[in-house]
Amino acid sequence: MKADGAVDYKKLDELVEWQISEGTDAIIACGTTGEASTLSNDEHLSVIEAVVKKVAGRIPVIAGSGVNDTRHAIELSTGAERVGANALLVVTPYYNKASEEGLFLHYQAIAKSVELPIILYSVASRTNMNLTPQMVKRLAEIQNIVGIKEASGDISQIAEIAQRMPADFAIYSGNDDQVLPIMALGGHGSISTIANIAPRQTHELTAAALTGDFAKAKTLQLAQIQLIHALFCEVNPIPVKTAVSLLGKFDVHFRLPLSPAKVETIERLKKEMAAYGLEV
């Protein structure tokens, strides 16, 4: 964001180019680690389109299109498909939530509205709506629902999902401190917060796990732990946006209700980023 609250498309382009140059395998546009929830519909789709144009087919662009109103989610999903997104990331409904049948019908309606592959997103800590292994299994029977971003924090649940799903159903870690254990259970990678400031290192972690080099992956995972804790010491995305600004990528501004990071958060980020080897 610029100081006046407008979307800074120039800085967005620069961030996308930097991510690609650092080895990022795919980019989420308007995911939940950011301020997509404060964007108007036009801004939401404009940001996705800007990312698609800048990426220019070099890596996949996955558009966040999940909201708590099915009609609105369909509007964002079809719009993302129209502007060139390669896939969708769809979080569970929040606040109003849903019954099990309502949840299934919500995702079914979105899936029917597009041809794009859909990644489910389960993050009960933010939505108070969990995707159980039974529900994931049922949703996976819908042809274009192809994976899940699992951020429940419940390794037992994730193991059961992995046990129930076919091998081609993608499981992505949604918690940066659980990338290695999830990938050890057969996960396919990470949809990451820390990758916003350490994309190369996060790519190396997931690449090591995918090739079976779990010793290297363990070293890389454990090296990130204290920085990960720092990135969540205030409400996400306040710390991570602040951390990106500390790298000199942009001047940090927020739209209300988000507010600037506390002084102690900034000092903690500087300390942990430096300890991790990032230049601040």
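## A seven-stranded sheet and its helices

Gly64 sits opposite Leu89, a residue of strand 3. That pair is a handy way into this predicted model. Gly64 belongs to strand 2 (residues 61-64), which runs parallel to strand 3 (residues 87-91).

**The sheet**

Zoom out and you'll find an open sheet of seven strands, in the order 1-2-3-4-5-6-7 and with parallel pairing. Strand 1 (27-29) and strand 7 (189-190) each have a single partner strand, so each has one side with no neighbour in the sheet. Here are some of the pairings, with their bridge counts:

| Strand pair | Sense | Bridges |
|---|---|---|
| Strand 2 (residues 61-64) and strand 3 (residues 87-91) | parallel | three bridges |
| Strand 4 (residues 118-122) and strand 5 | parallel | five bridges |
| Strand 5 and strand 6 (residues 170-173) | parallel | four bridges |

Strand 5 (residues 145-150) is worth a closer look. Five of its six residues are buried, so most of the strand is covered. Lys149 is a good residue to click on: it is the bridge partner of Tyr121, and it also stands opposite Tyr172 in strand 6.

**Helix 2 and its neighbours**

Helix 2 (residues 41-55) lies across strand 1 and strand 2, and makes an angle of about 175° with strand 2. Helix 2 also meets helix 3 (residues 70-82): their axes come within 9 Å and cross at roughly 30°, and the crossing is right-handed.

Which residues of helix 2 meet helix 3? They are Asn41, His44, Leu45 and Ile48, and across from them in helix 3 are His72, Glu75, Leu76, Gly79, Ala80 and Arg82. By type, the contact is a mix of four nonpolar, four polar and two charged residues. If the spacing of the numbers catches your eye, remember that an α-helix has 3.6 residues a turn, so residues three or four places apart point the same way.

**Two nonpolar cores**

Ile48 turns up again in the largest nonpolar core, which has 50 residues; Ile48, Leu131, Leu139 and Ile145 have the most contacts inside it. Helix 2 supplies the largest share of this core, with seven residues. Leaving aside residues up to four places away in sequence, Leu139 touches Phe104, Tyr107, Leu120, Leu131 and Ile145. Another core, of 15 residues, lies apart from that one, and includes Ile197, Leu227, Val240 and Phe250.

Val240 takes us to helix 11 (residues 238-246), a mostly covered helix with eight of its nine residues buried. The buried ones are Ile238, Pro239, Val240, Lys241, Thr242, Ala243, Val244 and Ser245. Yes, Lys241 is on that list of buried residues. They pack against helix 1 (9-21), helix 10 (214-231) and helix 12 (263-276). After helix 11 comes Gly248, which has a positive phi, near 85°.

**Ile20 in helix 1**

Is Ile20, a residue of helix 1, buried or exposed? Its relative accessible area is 16%, so it falls under the 20% cut-off and counts as buried. Setting aside residues up to four places away in sequence, Ile20 touches Ile27, Val55, Arg58 and Ile59. Ile59 is 39 residues away from Ile20 along the chain, yet their C-alpha atoms are separated by 7.8 Å. Two of those contacts tie back to parts we've already met: Ile27 is in strand 1, and Val55 is in helix 2.

Definitions and conventions
Residues numbered from 1 in each chain as written. Predicted model: local features only at pLDDT ≥ 70, side-chain atom pairs only at ≥ 80, totals over all residues. Heavy atoms only, no water. Pairing = 2+ DSSP bridges. Helix = DSSP H or I, 4+ residues; strand = E, 2+ residues; numbered from the N terminus. Contact = heavy atoms within 4.5 Å. Axes fitted to C-alpha atoms, helices over the stretch in contact; angles between N-to-C directions. Core = buried A, V, L, I, M, F, W, Y, C linked by side-chain atoms within 4.5 Å. Buried < 20%, exposed > 50% of the residue type's maximum accessible area, 1.4 Å probe, protein only. Left-handed = near helix turned anticlockwise from the far one by under 90°. Nonpolar A, V, L, I, M, F, W, Y, C, P; charged D, E, K, R; others polar.
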